[in-house]
Amino acid sequence: MDYQPSAMNKIDKDILNRFIVEALKEDVGDGDHTSLACIPQDQISQAKLLVKDTGILAGVTIAKQIFSYLDPNADMEIRLDDGAPINYGDISFYLTCNTQALLKGERLALNIMQRLSGIATLSRAFANEIKGYPVKVLDTRKTTPLLRFLEKWAVVVGGCSNYRYGLYDRIMIKDNHIDAAGSISTAVNNVQRYLIDKNKTLDITVEVRNFDELNEVLSLEIPVRVMLDNFTIDQTVKAVDI
């Protein structure tokens with residue numbers, strides 16, 4: 001999916017619609033035959049989204065798009081929106097919708113909302129821990145394939161920040177690159193030549209495993225972000241001081 005970093009903190013509707021089409025294709029196939037057999041085609045039903053745990057809500061935006069796609073006349077009355085704190089028994093929204101469309105989309109909507117709310121809830125917990133400190137918590141590329149655009153959105157809903165979106169929008173020199181290149185200095189020099197040759201402007205992160213590598217990075221006197229790999233808390237404090 002062509003989802004650009006500049007749009008990380010919002011959802012591109014075209015990408016979301018493509019996702020909805022593919023997700024429904026996976027679940028519905030050639031039809032929800034149970035509903036088609038049991039329920040009149042023009043029947044209308046009302047439903048509510050009942051919260052069954054505490055946390056931070058995420059995915060209302062996606063649910064609304066799912067039901068609007070299945071039934072253009074669907075009407076959603078939102079009581080609690082994305083980012084809202086939730087408790088057991090809360091009602092997130094009421095939905096009036098074609099019954100067949102409702103049953104066709106309910107599992108997709110619930111699956112997405114449960115997963116994204118879990119991510120937003122954990123994100124908010126981290127965001128609360130750093131309140132008042134001059135730092136921010138970043139996410140990673142360790143996401144569910146093809147759900148990255150939603151999972152990274154949920155991180156922002158929870159109050160933390162997106163890091164690079166993929167391999168293409170930032171240079172990140174990790175231990176494997178350093179070992180393959182021979183040293184941090186060689187890897188960084190190679191990167192600088194590459195960026196000039198390709199006429200690209202990308203920020204650079206270098207992962208360091210010890211203080212020798214940290215000092216080597218700092219001696220290069222180029223603007224980089226340093227990632228401390230498996231440093232203890234005491235080592236991290238010392239590294240920040242350096």
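1. Strand S7 is a suitable place to start in this predicted model. All five of the five residues of S7 are buried, so the strand is largely enclosed by the rest of the structure. Ile 204, Val 206 and Val 208 point one way from S7, whereas Thr 205 and Glu 207 point the other way. In a regular strand, side chains alternate between the two faces of the sheet. Burial is found on both sides of S7, since the residues pointing either way are buried.

2. The sheet around this strand should be described next. Three strands make up an open sheet, in the order S6-S7-S8, and their pairing is parallel. Strand S6 (171-173) and strand S8 (225-228) are the edge strands, and each of them pairs on one side only. On average, neighbouring strands of this sheet are turned by 20° against each other, direction ignored.

3. The pairing can be followed residue by residue. S6 is joined to strand S7 (residues 204-208) by three bridges, and within S7 the bridge partner of Ile 173 is Val 206. On the other side, four bridges join S7 to S8, and these two strands also run parallel. Here Glu 207 has Met 227 in S8 as its bridge partner. From S7 the chain crosses through H8 to S8, and this β-α-β crossover is right-handed.

4. The connecting helix deserves a separate remark. Helix H8 (residues 211-219) lies across S7 and S8, and runs at about 155° to S7.

5. Which residues have the most contacts inside the largest nonpolar core? They are Phe 19, Ile 62, Phe 67 and Leu 150, in a core of 39 residues. At least two residues of this core come from each of helix H1 (13-28), helix H3 (60-70), strand S5 (91-98), H4 and helix H5 (148-158). H4 gives the most, with eight residues. Another core, of 16 residues, lies apart from it and includes Ile 173, Ile 178, Leu 195 and Val 208. In soluble globular proteins, nonpolar side chains tend to be buried together.

6. Phe 67 shows what one core residue touches. Leaving aside neighbours within four places in sequence, Phe 67 is in contact with Ala 74, Met 76, Leu 95, Cys 97, Ala 101, Leu 102, Gly 105, Glu 106 and Ala 109.

7. Helix H5 is mostly covered, with nine of its eleven residues buried. Among the buried residues of H5 are Phe 149, Leu 150, Trp 153 and Val 157, but also Glu 151 and Lys 152. The student should therefore not equate burial with nonpolar character, because Gln 100 also counts as buried, at 12% relative accessibility. The buried residues of H5 pack against H1, H3 and H4. Just after H5, Gly 159 takes a positive phi of about 115°.

8. Is Gln 100 buried or exposed? Gln 100 is placed in helix H4 (residues 99-129). Its relative accessibility is 12%, and buried means under 20%, so Gln 100 counts as buried. Not counting residues up to four places away in sequence, Gln 100 touches Ser 35, Leu 36, Ile 39, Pro 40 and Gln 41.

Note on methods. Residues numbered from 1 in each chain as written. Predicted model: local features only at pLDDT ≥ 70, side-chain atom pairs only at ≥ 80, totals over all residues. Heavy atoms only, no water. Pairing = 2+ DSSP bridges. Axes fitted to C-alpha atoms, helices over the stretch in contact; angles between N-to-C directions. Contact = heavy atoms within 4.5 Å. Buried < 20%, exposed > 50% of the residue type's maximum accessible area, 1.4 Å probe, protein only. Core = buried A, V, L, I, M, F, W, Y, C linked by side-chain atoms within 4.5 Å. Right-handed = clockwise from strand over helix to strand, strands pointing away.
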